[in-house]
Amino acid sequence: MHTAIPIIDISPLAARGTAQHARVAAEVGAACRDVGFFAITGHGVAPELLADAFAASREFFALDTVTKQSIAIGKLGHNRGYVDFGAEALDEKRGADQKEALNFIWTDELTRPPNAWPPIEGWRPRVQAYFDAALAAARMLHAAFAADLGLPPSFFDDKIDQPMATLRFLHYPAPAAGTAAEGIGAGAHTDYGNVTLLATDGVAGLQVRPRNGDWIDAPALPAGAFLCNIGDCLMRWTNDVYVSTPHRVLRPTRERYSIALFLDPNPDALVSAIPSCVPAGEAPRYEPVTAQAYLQSRFDATYKKG
Ligand SMILES: O=C(O)CCC(=O)C(=O)O
Ligand SMILES: [Fe+2]
């Protein structure tokens with residue numbers, strides 16, 4: 001039996017080392033061990049910033065195809081840019097995802113390439129501000145993970161300060177008028193990294209499949225809340241104590257927008273079983289691996305054909 005997806009006010013995570021921090025860390029940790037999904041409020045991302053990120057997303061996806069294609073992911077590489085409608089299939093058995101997407105990566109423009117921005121005046125700083133704020137919330141969650149796992153709250157700080165993080169705008173167009181909603185919005189998958197923070201426009205479609213359970217609709221959330229889920233990298237890091245849970249998006253009956261922030265560790269962070277997660281006398285389930293090598297192996301498996 002899994003418990004429901006909890007809604008947690010994480011505002012106490014802003015001050016480490018307090019009793020409130022420990023209490024919230026334990027609540028977050030319980031959700032990570034159980035269903036692998038939880039929703040957060042009090043995360044510090046201003047409602048105006050979030051609303052403006054959705055506005056920016058609508059502006060981008062409303063551009064003509066040629067303009068969107070000018071920053072196509074296939075041209076740019078490094079997981080940056082526009083993913084055309086129908087170009088991805090997260091679950092091959094279900095066919096192409098009925099969505100389009102736009103990715104930006106965390107970059108210092110030194111060790112990582114720069115992002116390419118769409119030609120909309122004033123667009124970049126609005127989106128970068130949202131990216132920074134969502135990333136700060138994802139980092140705050142890591143202090144909770146650390147405290148819950150019996151580590152110093154700062155444990156992850158130097159492992160996520162140059163992260164392989166991606167901001168992804170998603171657009172699920174409505175089916176053409178008079179036609180049935182065919183296909184899948186986003187096929188069943190688990191996320192690869194440590195944690196994902198998802199904002200949606202409230203249109204239903206997202207489903208979660210807890211371990212030993214059937215598909216359930218993601219709960220409707222209070223305005224401004226994020227739905228968070230653990231990814232495969234943190235699952236491995238915790239020796240499978242935290243769970244990365246499959247999810248998918250059904251084809252929505254009306255247009256749907258969502259914004260995901262994926263926080264994966266620094267490339268050189270060593271993903272090595274956290275001691276409190278390994279039972280006494282047992283060996284860890286996985287070999288230590290750098291985050292970069294781990295993620296590369298996952299991407300290679302995904303894009304391997306035939
Ligand atoms: O659009 C959504 O609600 C979820 C998207 C998702 O799961 C993903 O991009 O990994
Ligand atoms: Fe996902």
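Donors here are N, O and S atoms within 2.8 Å of the metal. With that in hand, here are the close-ups, all taken from a predicted model.

**View 1. The iron ion and its three donor residues.** The iron ion (ligand 2) is held by H189 through NE2, D191 through OD and H247 through NE2, at 2.1 to 2.2 Å. Read along the sequence, the donor residues follow the spacing H-x1-D-x55-H. D191 and H247 bring distant parts of the chain together: D191 sits in the loop between β6 (184-189) and β7 (195-200), while H247 belongs to strand β11 (residues 247-250), 56 residues apart. D191 has a relative accessible area of 7%, so it is buried. H247 counts as buried too, because its relative accessibility is 7%.

**View 2. Ligand 1 and the shell around it.** Surrounding ligand 1 are L170, Y172, H189, D191, L198, H247, V249, R256, S258 and F262. On the polar side, a side-chain atom of Y172 lies 2.6 Å from an oxygen atom of ligand 1. The side chain of H189 has an N or O atom 3.0 Å from a ligand 1 oxygen, and for D191 the corresponding distance is 3.1 Å. On its own ligand 1 would expose 300 Å², and the protein buries 95% of that. Elements giving two or more residues to this shell are β5, β11 and β12 (256-264). Of these, β12 gives the most, with three residues.

**View 3. H171 and its two glutamate partners.** Look for H171 in strand β5 (residues 164-172). H171 counts as buried because its relative accessibility is 6%, and the cut-off for buried is under 20%. Its side chain makes a polar contact of 2.7 Å with the side chain of E100 and another, of 2.9 Å, with that of E255. Setting aside neighbours within four places in sequence, H171 touches F61, K99, E100, E255, R256 and Y257.

**View 4. The largest nonpolar core, with L141 as a way in.** This core has 70 residues, and those with the most contacts inside it are F38, W123, Y130, L141, F145 and L197. Helix α5 (residues 123-148) is the top contributor, giving 14 residues. Pick out L141 and, leaving out residues up to four places away in sequence, you'll find it touching I10, L13, F38, I40, V195, L197 and C228.

**View 5. The second core.** Separate from the largest one, this core has 16 residues, including F37, A39, A101 and Y172. Y172 may look familiar: it also appears in the shell around ligand 1.

How values were computed
Residues numbered from 1 in each chain as written. Chains lettered and ligands numbered in written order. Predicted model: local features only at pLDDT ≥ 70, side-chain atom pairs only at ≥ 80, totals over all residues. Heavy atoms only, no water. Core = buried A, V, L, I, M, F, W, Y, C linked by side-chain atoms within 4.5 Å. Buried < 20%, exposed > 50% of the residue type's maximum accessible area, 1.4 Å probe, protein only. Helix = DSSP H or I, 4+ residues; strand = E, 2+ residues; numbered from the N terminus. Contact = heavy atoms within 4.5 Å. Polar contact = N/O pair within 3.5 Å; in protein donor to acceptor, adjacent residues only side chain to side chain. Donors = N, O, S within 2.8 Å, 3.2 Å for Na, K, Ca; no water. Near = heavy atom within 4 Å. Areas by Shrake-Rupley, 256 points an atom, 1.4 Å probe, with all protein chains shown as cover.
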